[in-house]
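Please look through the sequence and the structure below with some patience. The report that follows takes up charges over rings, aromatic pairs, and then one helix and one strand.

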Amino acid sequence: MKNKIIILISLLVFIMSITVYAKTDEPSPWAEDSINELKSYHTFKSTTFSNYQKNITRAEFIYFAVRVYEMFSGEDIKPDPSISFIDTSDIYALKGATVGITSGIGNNQFGPDMLLTREQFAVLMVNTLKLGNLEMYTPNNYQFVDENEFSSWAFDAIYTAKANDIISGVGQDKFKPRDNATIEMAITITNKILKNNNNKLWTTDKTSKIINLSPFNINEVITDLSGSTVIDNNSISYQAYGVDLNNDKISVKTAISNEGVGTVDTLNNLAEENHALLAINGTYFSAYQDDNYAKDPYGILVMDGETLHTGSDRAVIGFKNGQVDIDRIDTQIKGTTTGPLGSLEWYGYWINHSIPNDSLSFTIFNDYKQETNSLYGKNYIIEDNTITDIVENESVVIPKDGYVVNLNGLLGSTPEQVYELFEVGNSFDFDITYTPENNQHSFWKDIDYATGAGPALILDGKIDIDYETEHFTEPKIYLNAAARSAIGYTSDNQLIFVTTTSTLDELAQLMLSLNCVEAMNLDGGASSGLWYDGNLIRTPGRDISNIIYIQVKN
């Protein structure tokens, strides 16, 4: 009898735990419409839409505030590298602090796990909207019966939020300022803010634009082309999606891990963090490098018009003003330093690549890498195109709006004279030139986004694989069937994402059968992965360095 009672009690506890979880995970009826409406924008992470009745933390809230700012401004916030918190490295906390939504809770802490009250929610969301100088109604004569419970610093924000239909009361003319806010409350209020401020003017010192937001139908832009085919008597199944680049509501971008160049993350995280509709793995990287060292990319990476990494003589896909091109690209880094003793023209080796100890290296690090992470050579700190400091044989932090140049080994036949030209106060400047094989120079100048991998599969409508030129010399690379990823485009501006298992020759024929006029191979093997609308279509066997993805324009 005692055993039966114990079993019954255990069963009741189990059932109650399931009931509590379900209640937390399911939205309240009043929130359901707002949840569905916010989902329809396709600009929030899929993980946002769960645990609806859970009390919201500061880390969870700041995501909503930052996304409102980014959607209204039309710009992705780039965190200020000089800002940090001792209790979190969350990218949205850093973004929020960069633009002034929050400065944390004091003592260099953000308090990511602290629960947010309703009055705190009102203050932070009103702060977010004020950053864009939005036209807002002033509080009227309405009075909450519990305003004596408001904190003094929240008083004005609560009534401003009420007057602008951001946060209402809870009934009976009460606001309940000290009650905890919830996930579904954040979703509902975010959805209200997006709708109520559409067509208003958003103005900051960097941006002035009319807010223009609307729900997005993913099926109007992306088509599932997956299937199977027979190539050289081999049956090949493939996962494929076509993207209509003629639609002006989407962008094609490159992304890396939030931790910077040389770090890795899961395909799912990379896609979610960048609010992707569709994503595929990108260039090669040093996947087998020990985790204590940088996992450097091997190919060209350009993001937001800035070069994150360089490579040469391999196929690259580039995007600019809604157009796309694939070509074999040669890269040149050329610069000049000038001082009282004269000028020196020089050629660089890498952008954001690890520095070898035993060979000559002339490497430039920009702020897409947090620090150089090298103990070798001389580091020249460059700010406003001027050498401001020199640090030898230790890792240095990349300055905001500046960069670091590392010179390791002997440069030229008279190194002492060369080093004398790299002195504090001397001017320093450089350019990166991308030279395409097929002479589309105007397209590749000031390119917006680019990813290099290779080899090229199709150029100018014909299969054109050149293993020797692109330095793919190991027979196993091109003779063996393996997990593959590829990207290409058609004559009517449809971008094609593909994953499959095949040889490279078979992959080229597959891309041709999908009407690609140009196509190229991406990193494969355990890196091969494809993600669509919140789901992994093909799961990589390891964390990856970078992705090419489709995003709804902010």
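In this predicted model, Arg58 lies over the face of Phe110, at 4.6 Å from the ring centre. A second arrangement of this kind involves Lys78, whose charged end sits over the ring of Tyr368, 4.0 Å from its centre.

Rings also pair with one another, and the count of aromatic pairs comes to 24. Two of them are set out here, including the angle between the ring planes.

| Pair | Distance between ring centres | Angle between planes | Arrangement |
|---|---|---|---|
| Phe44 and Tyr63 | 6.2 Å | 80 degrees | edge-to-face |
| Tyr241 and Tyr532 | 4.6 Å | 25 degrees | stacked |

The pair of Phe44 and Tyr63 is edge-to-face because the planes of the two rings stand at 80 degrees, where an angle over 60 degrees is what counts as edge-to-face. This pair links distant parts of the chain, 19 residues apart, with Phe44 in the loop between helix H2 (32-39) and H3, and Tyr63 in helix H3 itself. Phe44 is buried, with a relative accessible area of 8%, and Tyr63 is buried as well, with a relative accessible area of 5%.

The rings of Tyr241 and Tyr532, with their planes at 25 degrees, form a stacked pair. Tyr241 belongs to strand S5 (residues 234-244) and Tyr532 to strand S25 (residues 530-532), so the pair ties together parts that are 291 residues apart in sequence. Both Tyr241 and Tyr532 are buried. Elsewhere, one aromatic cluster is formed by Tyr142, Phe144, Phe150, Phe155, Tyr159 and Phe175.

Is helix H4 (residues 91-99) largely enclosed, and what covers its buried residues, or which elements are among the cover? Seven of the nine residues of H4 are buried, so the helix is largely enclosed by the rest of the structure. These buried residues are Ile91, Tyr92, Ala93, Leu94, Lys95, Gly96 and Ala97, and what covers them includes helix H3 (58-73) and helix H8 (267-273). At the N-terminal end of H4, Asp90 acts as a cap, with a side-chain oxygen 3.0 Å from the backbone nitrogen of Tyr92. After H4 comes Gly100, whose phi is positive, near 95 degrees.

Strand S24 (residues 516-521) is likewise largely enclosed by the rest of the structure, because five of its six residues are buried. Strand S20 (residues 456-459) runs antiparallel to S24 and is joined to it by two bridges, and Ile458 has Ala519 in S24 as its bridge partner. Strand S22 (residues 482-490) also pairs with S24 in the antiparallel sense, over five bridges, and here Gly488 stands opposite Ala519.

Key:
Residues are numbered from 1 along each chain as its sequence is written. This is a predicted model: local features need pLDDT of at least 70, side-chain atom pairs count only at pLDDT 80 or more; totals for chains, interfaces and linings use all residues. Side-chain values use heavy atoms; hydrogens and water are left out. Buried means under 20% relative accessible area, exposed over 50%, partly exposed in between (1.4 Å probe, protein chains only). Helices (H or I, at least four residues) and strands (E, at least two) are DSSP runs, numbered from the N terminus. Two strands pair if DSSP finds at least two bridges between them. Contact means heavy atoms within 4.5 Å. A polar contact is a pair of N or O atoms within 3.5 Å; within protein, one must be able to donate a hydrogen and the other to accept it, and residues adjacent in sequence count only if both atoms are side-chain atoms. Rings of Phe, Tyr and Trp (its six-membered ring) pair if their centres lie within 6.5 Å; planes under 30 degrees apart count as stacked, over 60 as edge-to-face and the rest as tilted. A charge sits over a ring if NZ of Lys or CZ of Arg is within 6 Å of the ring centre and within 35 degrees of the ring normal.
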